[in-house]
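Reader: I should like to understand the terms used to describe a protein model. May I ask, term by term, for the reasoning behind each one?

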Amino acid sequence: MKIGFIGLGNMGAPMAANLAHAGHEVTGFDMADVTVEGVAMAASGAEAASGADVVITMLPNGQILRSVANEIIPAMAEGAALIDCSTVDVDSARTVAEQATSASLLAVDAPVSGGIGGAAAGTLTFMAGGSDAAFAKAAPLFDIMGQKAVHCGEAGAGQAAKICNNMILGVTMIATCEAFALADKLGLDRQKMFDVVSTSSGYSWTMNAYCPAPGVGPDSPADNGYTPGFAAELMLKDLRLSQQAANSADADTPMGQAATRLYEQFVENEDGMGRDFSAMLPRFEKRGRL
Ligand code: NAD
């Protein structure tokens with residue numbers, strides 16, 4: 001396929017490289033001056049999009065996605081597919097999909113989980129929203145860039161799945177960290193705490209697979225000085241998107257709201273910026289009851 005790829009940052013660059021490596025003809029564009037192995041660079045987004053069978057975007061936020069979509073949709077050939085893999089708000093995803101379908105394009109919102117490591121290894125998980133025809137066109141590319149793709153429903157369903165998942169992740173990470181900090185103060189050994197919880201009803205991905213306590217459980221960012229991993233500011237971005245969606249859908253999400261507030265405080269007023277999101281444990285460790 002002829003593929004345009006717009007947004008070649010930490011995630012986009014390795015994803016585009018994997019598509020080129022698999023034999024697709026990839027033309028990229030990024031505002032920054034970047035080079036990606038196997039990818040020809042265009043002078044603008046519109047140039048990368050024109051004549052492409054599929055255009056993939058991997059951009060920082062919904063506002064940038066909307067402005068890039070305004071530029072590239074008129075340049076795309078009828079029947080081509082616009083696949084947005086960025087994590088953005090549900091409203092932007094739906095607006096861009098509507099704009100694309102009214103221009104006779106196929107549209108998929110397909111945010112990912114798996115991080116930079118997953119992008120490089122081609123093991124991302126895609127959560128996709130869009131028509132069956134749009135998903136079918138994108139699926140072979142998801143197979144190259146990832147190991148799993150779930151068609152979640154119509155436009156916006158991929159972003160909805162992503163932010164609901166990450167709202168659970170933020171909340172459970174906080175719950176796991178505050179429980180470890182309480183266990184410390186109760187004189188409970190961390191290894192014993194892990195041995196019990198990881199095999200009891202308090203188990204979770206954050207405890208069992210990504211344990212925030214150094215030296216306990218499988219290898220995780222905690223064992224590497226809390227170098228991300230998944231940075232606290234990216235968790236904050238996703239939690240804010242969950243709250244934006246909850247506002248517009250009139251959903252009551254008290255735990256998501258509390259997690260957003262805590263990560264906001266951690267990233268903006270404490271030392272959370274640039275640290276893994278599991279560094280909430282040393283944060284709680286230092287605190288007493290208010
Ligand atoms: P990044 O900042 O490294 O990359 C974004 C790229 O977009 C940059 O290279 C930037 O120059 C480019 N860009 C910005 N505006 C542009 C424009 N108008 N035209 C062309 N290029 C433009 O970010 P990233 O880590 O690659 O993340 C990309 C998306 O993936 C985000 O939405 C993020 O939330 C999501 N995501 C990231 C991770 C992660 O671990 N990094 C994991 C899952 C999802």
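Reader: Which pocket does the ligand take up?

Author: The model is a predicted one. In this model the ligand occupies the largest pocket. The elements that contribute two or more residues to the shell around the ligand are helix 3 (62–72), helix 5 (115–121) and helix 10.

Reader: Which residues come nearest to the ligand?

Author: There are 23 residues around the ligand, and Asn10, Met11, Asp30, Leu59 and Lys237 come nearest.

Reader: What makes the pair formed by the ligand and the side chain of Asp30 a polar contact?

Author: An oxygen atom of the ligand lies 2.6 Å from an N or O atom in the side chain of Asp30. A polar contact requires a pair of N or O atoms within 3.5 Å, so this pair qualifies. A polar side-chain atom of Lys237 is 2.8 Å from an oxygen atom of the ligand, and a polar backbone atom of Met31 is 3.3 Å from a nitrogen atom of the ligand. The protein buries 83% of the 830 Å² that the ligand exposes when taken alone.

Reader: Why is Ser220 called buried?

Author: The relative accessible area of Ser220 is 8%. The term buried applies under 20%, and therefore Ser220 is called buried. Ser220 is situated in the loop between helix 9 (205–208) and helix 10 (232–249). A polar atom of the Ser220 side chain lies 2.8 Å from the backbone oxygen of Cys211. Apart from neighbours within four places in sequence, Ser220 is in contact with Tyr210 and Cys211.

Reader: Is Ser278 buried or exposed, and how do you know?

Author: Ser278 has a relative accessible area of 0%. This value is under 20%, so Ser278 counts as buried. Ser278 belongs to the loop between helix 11 and helix 12 (280–285). The side chain of Ser278 also makes a polar contact with the side chain of Asp276, at 2.6 Å. Beyond neighbours within four places in sequence, Ser278 is in contact with several residues, including Met173, Cys177 and Tyr210.

Reader: What makes Glu154 count as exposed?

Author: Glu154 has 58% relative accessibility, and exposed means over 50%; therefore Glu154 counts as exposed. Glu154 lies in the loop between strand 9 (146–153) and helix 7 (157–185).

Reader: Which residues does Glu154 touch, not counting those up to four places away in sequence?

Author: With those residues set aside, Glu154 touches Asp109, Gly129, Gly130 and Ser131. The C-alpha atoms of Glu154 and Ala128 are 8.4 Å apart, and these two residues are 26 residues apart along the chain.

Reader: Why is Ser104 called partly exposed?

Author: The relative accessible area of Ser104 is 38%. Partly exposed covers values between 20% and 50%, so the term fits Ser104. Ser104 is in the loop between helix 4 (90–102) and strand 6 (106–109). Ser104 has a positive phi of about 60 degrees, although it is not a glycine.

Reader: How do you know that Asp250 is exposed?

Author: Asp250 has a relative accessible area of 73%, which is over 50%, and so Asp250 is exposed. Its place is in the loop between helix 10 and helix 11 (254–269). Asp250 has a positive phi of about 55 degrees, although it is not a glycine.

Reader: What kind of peptide bond joins Pro228 and Gly229?

Author: The bond joining Pro228 and Gly229 is a cis peptide bond, with omega of about 15 degrees. Gly229 is found in the loop between helix 9 and helix 10.

Methods. Residues numbered from 1 in each chain as written. Predicted model: local features only at pLDDT ≥ 70, side-chain atom pairs only at ≥ 80, totals over all residues. Heavy atoms only, no water. Helix = DSSP H or I, 4+ residues; strand = E, 2+ residues; numbered from the N terminus. Buried < 20%, exposed > 50% of the residue type's maximum accessible area, 1.4 Å probe, protein only. Polar contact = N/O pair within 3.5 Å; in protein donor to acceptor, adjacent residues only side chain to side chain. Contact = heavy atoms within 4.5 Å. Near = heavy atom within 4 Å. Areas by Shrake-Rupley, 256 points an atom, 1.4 Å probe, with all protein chains shown as cover. 1 Å grid on protein atoms, 1.4 Å probe; cavity = no way out; pocket = protein on both sides within 12 Å on 5 of 7 lines; lining within 4 Å. Sits in = over half its atoms within 2 Å of the grid points.
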